[in-house]
Amino acid sequence: MIFGCEFELDNRYYDNVIYEMNGFLTENNFKADGEFFVNDTKKISVKYDDATQSYQLLTATKDDEGNFGELTIINSWLFDDTQNAKDATSVGIDFVVSLRKELGIKQARATASVELPSANKSGAMTVTGFTKKMLDVFPAIKDDYKEHISIYGNFLYINFFGEYLVPQLKSLFTNGNKKQVKKLYDVFEDAYVKGDRDTVNIMIALLSATAYNDAKCAEAIENMLIDDNHFLQSYKSFSATFKSSKKLFSALVK
């Protein structure tokens, strides 16, 4: 059974979001009821909010008298004109993860079969190669990477970095010693020189997110880059406008 909406939304990718959720909704006996999806215990609403330019996932629980309570937002994804159908698929995947948590449904995760990313043998650094380097520097998040892949089926790197890597960077710049910071800088400097556009952009965005509203981290990052003027100026320039990059800011700053 494929669920669809019976009302119009301004965002044309709504159907892509719902399509990605259909399997979960069917498995858990949700049936379309106007603009909602309802089973014996929960009511679900997925809507696009023009004011915040975001998809919102709302749920309500049925009480002992058989009435649903007020819908509350349990997840939201910034989604503006720069995003496309592939991004909408990611929204649907993440909404399913939220619904599993909301309903207390544990998903079997075959993390043992998930391979860690590898570097590009050509020498050029992609986001995949950068991720490998970050997992080498912060081995504590290797299992988080495997779990992320097992849940989502692919690598939503901006969201993964926001949830797991930014906290690691904050901890390092707050509590790390000079040797640890130098080790990180060596990776970042190599990525800045050899990385493709996506790699360099996300790396600078990560530093900006780490420094956001954190004077200690901001000072440590500038000290790290003090002898690399080009890198430092790129970081400063992006940091000044980071908050206006809504998609990145929403994903990287928690």
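**Figure 1. The protein chain as a whole has 10 helices and five strands.** Welcome to a predicted model, shown here before we zoom in. Along the principal axes, the C-alpha atoms of the protein chain fill a box of roughly 65 × 40 × 35 Å. The protein chain has 254 residues, and 43% of them count as buried.

**Figure 2. Contacts in the protein chain often link residues at least 24 apart in sequence.** If you take the contacts between residues at least 6 apart in sequence, 57% of them join residues at least 24 apart.

**Figure 3. The surface and charges of the protein chain.** About 13800 Å² of the protein chain is exposed, with carbon and sulfur atoms supplying 46% of that area. For those who like electrostatics, the protein chain carries 29 positive and 36 negative charges, and the mean positions of these two sets lie 8 Å apart.

**Figure 4. Serine 54 sits in strand E4.** Strand E4 covers residues 54-61. Is serine 54 buried or exposed? Serine 54 is buried because its relative accessible area is 6%, below the 20% cut-off for that class.

**Figure 5. The side chain of serine 54 makes a polar contact with threonine 52.** The two side chains are joined at 2.6 Å.

**Figure 6. Neighbours of serine 54 from elsewhere in the sequence.** Which residues does serine 54 touch, not counting those up to four places away in sequence? Lys47, Tyr48 and Asp49 are among them, and serine 54 also touches Trp77, Leu78 and Phe79.

Methods. Residues numbered from 1 in each chain as written. Predicted model: local features only at pLDDT ≥ 70, side-chain atom pairs only at ≥ 80, totals over all residues. Heavy atoms only, no water. Helix = DSSP H or I, 4+ residues; strand = E, 2+ residues; numbered from the N terminus. Buried < 20%, exposed > 50% of the residue type's maximum accessible area, 1.4 Å probe, protein only. Polar contact = N/O pair within 3.5 Å; in protein donor to acceptor, adjacent residues only side chain to side chain. Contact = heavy atoms within 4.5 Å. Areas by Shrake-Rupley, 256 points an atom, 1.4 Å probe, with all protein chains shown as cover. Lys, Arg positive; Asp, Glu negative; His and termini not counted. Charge placed at Lys NZ, Arg CZ, Asp CG, Glu CD.
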